[in-house]
Amino acid sequence: MSGTLQAIRGMNDILPPETPRWQWLEERLCELASAYGYQEIRLPIVEQTALFERSIGTATDIVEKEMYTFTDRNGDSLTLRPEGTAGCVRAALQHGLLHNQSQRLWYRGPMFRHERPQKGRYRQFHQFGVEVFGLAGPDIDAELILMSARLWRTLELEEVVRLELNTLGSPEARAAYRDVLVEYFQRHYEQLDEDSRRRLSRNPLRILDSKNPAMAGLIEGAPSFSDYLDEASREHFEGLRRLLDAAGVEYKVNPRLVRGLDYYGKTVFEWITDRLGAQGTVCAGGRYDGLVEQFGGRPTPAVGYAIGLERLIGLLEDGQHACPASPQVYLIAVGDAAQAQALVLAERLRDALPGLRLLLHCGGGSFKSQFRRADRSGAELALILGEEEVAERCAGIKHLRREAGQERIGWDALPGRLRELLALD
Ligand code: ATP
Ligand code: MG
């Protein structure tokens, strides 16, 4: 359709048949966060480009090739946020949220990455994320994992996702490991694919994360990080494993799990599903104890995770999460006087019955055509207002989903009768 305006590729409209499922999920996420005492933080969608370069790292896929970066009218380089952690740390520092206190925060909203669009991978997508500041022990890592596990139970997805864990150790341990890894991959340079060759000098740990099956054997034979892991990180990881074992959480330790962002250290984890093809990670997170200090704050331990909501919605589509979207009552009005009265009556009913889903017919038409609309709306009841009803200050009630006689009822008694018929409380 040439000439017609289209949405940007990879940026999706979410339309009415889908929005109830999104609303339902978002409500569950709010409930989850508040059940654990987390507070919402709302952050700008645009930040200075340097914020992401300095946190996510210049040698990562995100910063190298996925960011939407532009120069604004002042000549400043700005970027549509590709993730939420960097902005959250910036805000926490800017507003002094980290002074002698811990914080448990959550956010949700759109993120932007210029990736190749495919199922489960978009250019505008949505995340629900949590970030915790000021708590260093494995107990908070375990809480985050238990919190996400609870969400899978709420969504009836506990059979569909599995947990993988790893530790990335201290910066020093990673640096030592990085050296032996570079040496190993250099020795097998001819077996590296193009991506991995690029990563070799810039971000060699990421080679372990390659999804290319041709690389699997080589990665399998790579030196193991556990030989280079520092003692403090080992203890932290063992502590976390003990807590998860005690809480009955199943997991697999995956020594090749590295995550694509530079700021992670110690614990990293992912919840993975096999139901979404290659885009199998629905939730990913870990520790980033160095980031606050890197941004000029006092050393502050931090840990968080983010859930990709499109992927979660993709999993929910298979299940039964119907949400009531259709109106309960459809108000039909025929004739000028009735149409004017219908607006007033509809307001009165909404006052008297908060939560009632009432759809008012607008645009006129015969009884017959209005009834057809009422039926199509999915409403339980049609309320009917014609000249006669207006003169007698009453309305007709007709059941649309079952056989039952039509009744007439005065306006004053109408809220009570609707409450009965629709079992409202
Ligand atoms: P992937 O390996 O799938 O590219 P990632 O490591 O880049 O993921 P994170 O930055 O950790 O992902 O983001 C956390 C979660 O956000 C992911 O696990 C995924 O569920 C979701 N996510 C990331 N990028 C996209 C995208 N382009 N479209 C949809 N969801 C995404
Ligand atoms: Mg990615």
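In this predicted model, the side chains of Asp-195 and Arg-198 meet in a salt bridge, 2.9 Å from N to O. Both residues lie in helix 7, 3 residues apart, or about one turn of the helix. A search of the whole structure finds 28 salt bridges. The points below cover a selection of these, then a mixed open sheet of 5 strands, the helices that pack on it, and a few single residues.

**Salt bridges within a helix**

- Asp-195 counts as partly exposed, because its relative accessibility of 34% falls between the 20% and 50% limits.
- Arg-198 is also partly exposed, at 32% relative accessibility.
- Helix 15 holds a pair of this kind: Arg-417 and Glu-420 both lie in this helix, 3 residues apart, about one turn.
- The side chains of Arg-417 and Glu-420 meet at 2.7 Å, N to O.
- Arg-417 is partly exposed at 23% relative accessibility.
- Glu-420 is exposed, with a value of 58%.

**Salt bridges across the sequence**

- Glu-64 forms a salt bridge with Arg-202, and the closest N and O atoms are 2.8 Å apart.
- Glu-64 lies in helix 3 (residues 61–66) and Arg-202 in helix 7 (residues 194–202), so the pair ties together parts that are 138 residues apart in sequence.
- Glu-64 is partly exposed, with a relative accessible area of 28%.
- Arg-202 is partly exposed too, at 40%.
- A network of salt bridges links Asp-61, Arg-199, Arg-206, Asp-209 and Lys-211.
- Side chains of opposite charge can pair when their charged atoms come close.

**The open sheet**

- The sheet has 5 strands in the order 13-12-14-15-16, with mixed pairing.
- Strand 13 (358–360) and strand 16 (407–410) are its edge strands, each pairing on one side only.
- Neighbouring strands are turned by 25° against each other on average, direction ignored.
- Strand 15 (residues 394–399) and strand 16 run antiparallel and are joined by 4 bridges.
- Ala-395 has Ile-409, in strand 16, as its bridge partner.

**Helices on the sheet**

- Helix 13 (residues 367–377) packs on the sheet and touches strand 12 (329–333), strand 13, strand 14 (381–385) and strand 15.
- The direction of helix 13 makes about 170° with that of strand 12.
- Helix 15 (residues 414–421) packs on the sheet as well, touching strand 12, strand 14, strand 15 and strand 16.
- The direction of helix 15 makes about 10° with that of strand 15.

**The two sides of helix 13**

- The buried residues of helix 13 are Gln-370, Ala-374 and Ser-377.
- These buried residues cover an arc of only 60° around the axis, which puts them on the same side of helix 13.
- They pack against strand 12 and strand 13.
- Lys-368 and Arg-376 are exposed on the other side of the helix.
- Gly-378 follows helix 13 and has a positive phi, near 85°.

**Positive phi outside glycine**

- Most residues other than glycine have a negative phi.
- Glu-156 is not a glycine, yet its phi is positive, about 55°.
- Glu-156 is found in the loop between helix 5 (138–154) and strand 7.
- Glu-156 is exposed, because its relative accessible area is 61%, over the 50% limit.
- Lys-266 also has a positive phi, near 50°.
- The place of Lys-266 is in strand 9 (residues 265–273).

**Ser-170**

- Ser-170 is found in the loop between strand 7 (161–167) and helix 6 (171–187).
- Ser-170 is buried, because its relative accessible area of 13% is under the 20% limit.
- Leaving aside residues up to four places away in sequence, Ser-170 touches Asp-230 and Ser-233.
- Ser-170 and Tyr-288 are 118 residues apart in sequence and 10 Å apart in space, C-alpha to C-alpha.

Key
Residues numbered from 1 in each chain as written. Chains lettered and ligands numbered in written order. Predicted model: local features only at pLDDT ≥ 70, side-chain atom pairs only at ≥ 80, totals over all residues. Heavy atoms only, no water. Pairing = 2+ DSSP bridges. Axes fitted to C-alpha atoms, helices over the stretch in contact; angles between N-to-C directions. Contact = heavy atoms within 4.5 Å. Buried < 20%, exposed > 50% of the residue type's maximum accessible area, 1.4 Å probe, protein only. Arc of directions from axis to C-beta. Salt bridge = Lys/Arg side-chain N within 4 Å of Asp/Glu carboxyl O.
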